[in-house]
Every structure is written in C-alpha cells, then in structure tokens.
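Here is a short tour of charged side-chain pairs and backbone angles. Have the structure open beside you as you read.

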Amino acid sequence: QVQLVESGGGLVQPGGSLRLSCAASGSISSINVMGWYRQAPGKQRELVANIVSGGSASYADSVKGRFTISRDNAKKTVYLQMNSLKPEDTAVYSCHANVLLISRARVNYWGQGTQVPVSS
C-alpha cells in the first residue's frame, strides 16, 4: 500500500505565504504525476497544480504567478509554495499521486487533506 502524508497547512493572513509538503511512502516503483487539489466550502474540488517526474508543471489560472509546485523524486515528495495568498484560496488542500506500484499496477492515491484558511 501507499500513503501520502501532508504537512504545512494552517491559518495565514491575506498576502502571506505557506508551504505544503506531501511525502509518499510504501510499495512504490515510481511516481508519474504528483499534484495538489483543493476544495473550498460549497465548491467542487479543483486542480491547483501538478508536476510530472521530469519536472514539467501546470497550474490553475487562479494561482499562476503566486504558487509554485516542485518535487524531490528521491524523497518521493511534492511541495506547493503559496505566496500572496488571498481569502479565496481558503480550502482543504489534498495531495495526489499517480503511482506505479512494485506489483506493476498503476493506482491513484490521495492524501488526507490539510486546511488552509486565509483570513485576517
């Protein structure tokens, strides 16, 4: 099995910064895509950013220029640096990974989610 463990969430003031981390562990052969999704109260979950193993990243329009996704393949960890945070960034942020298991099965995994309230 595979676990994704997130850290770094918490209350932040508008204009502030926060860095989320998500570490994968378990019977992993390789990880293709890693990313972050968020779900605000009363809204559908949306993709924030994702990054493939080679380093190419994509972002939601709403976070371009403010958020940066990166990954450390050796540590099986993905990061989300969030700058210039706005109240509308308030959401539960969840990590996602598309994993090739040692068994050769490919499975999507999700973290438990971390709260990011942006408020003064």
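A residue counts as exposed when its relative accessible area is over 50%, as buried when that area is under 20%, and as partly exposed in between. D61 reaches 64% relative accessibility, so D61 is exposed. Please keep in mind that the model is predicted.

**Salt bridges**

How many salt bridges does the count come to? The count comes to 4. Three of the pairs are set out here.

| Pair | Closest N to O distance |
|---|---|
| R38 and E46 | 2.7 Å |
| D61 and K64 | 3.1 Å |
| D89 and R66 | 2.7 Å |

Let's begin with the exposed residue from above. D61 pairs with K64, and their closest N and O atoms lie 3.1 Å apart.

Next comes D89, whose side chain meets that of R66 in a salt bridge at 2.7 Å, N to O. This pair links distant parts of the chain, with the two positions 23 residues apart in numbering. D89 sits in the loop between β7 (77-82) and β8 (91-101), while R66 sits in the loop between β5 (57-59) and β6 (67-72). Are these two partners buried or exposed? Both D89 and R66 are buried.

The pair R38 and E46 also meets through its side chains, at 2.7 Å from N to O. Here the two partners fall into separate accessibility classes: R38 is buried because its relative accessibility is 7%, which is under 20%. E46 has a relative accessible area of 34%, so E46 is partly exposed.

Which residues are joined into one network by salt bridges that share partners? They are R38, E46, R66 and D89.

**Positive phi angles**

Now for the backbone. Most residues other than glycine have a negative phi. Two residues are worth a look against that background.

K76 is not a glycine, yet its phi is positive, at about 55°. You will find K76 in the loop between β6 and β7. With a relative accessibility of 30%, K76 counts as partly exposed.

S84 also has a positive phi, near 50°, and is likewise a residue other than glycine. Where is S84 found? S84 lies in the loop between β7 and β8, the loop that also holds D89. The relative accessible area of S84 is 41%, so this residue is partly exposed.

Terms used:
Residues are numbered from 1 along each chain as its sequence is written. This is a predicted model: local features need pLDDT of at least 70, side-chain atom pairs count only at pLDDT 80 or more; totals for chains, interfaces and linings use all residues. Side-chain values use heavy atoms; hydrogens and water are left out. Buried means under 20% relative accessible area, exposed over 50%, partly exposed in between (1.4 Å probe, protein chains only). Helices (H or I, at least four residues) and strands (E, at least two) are DSSP runs, numbered from the N terminus.
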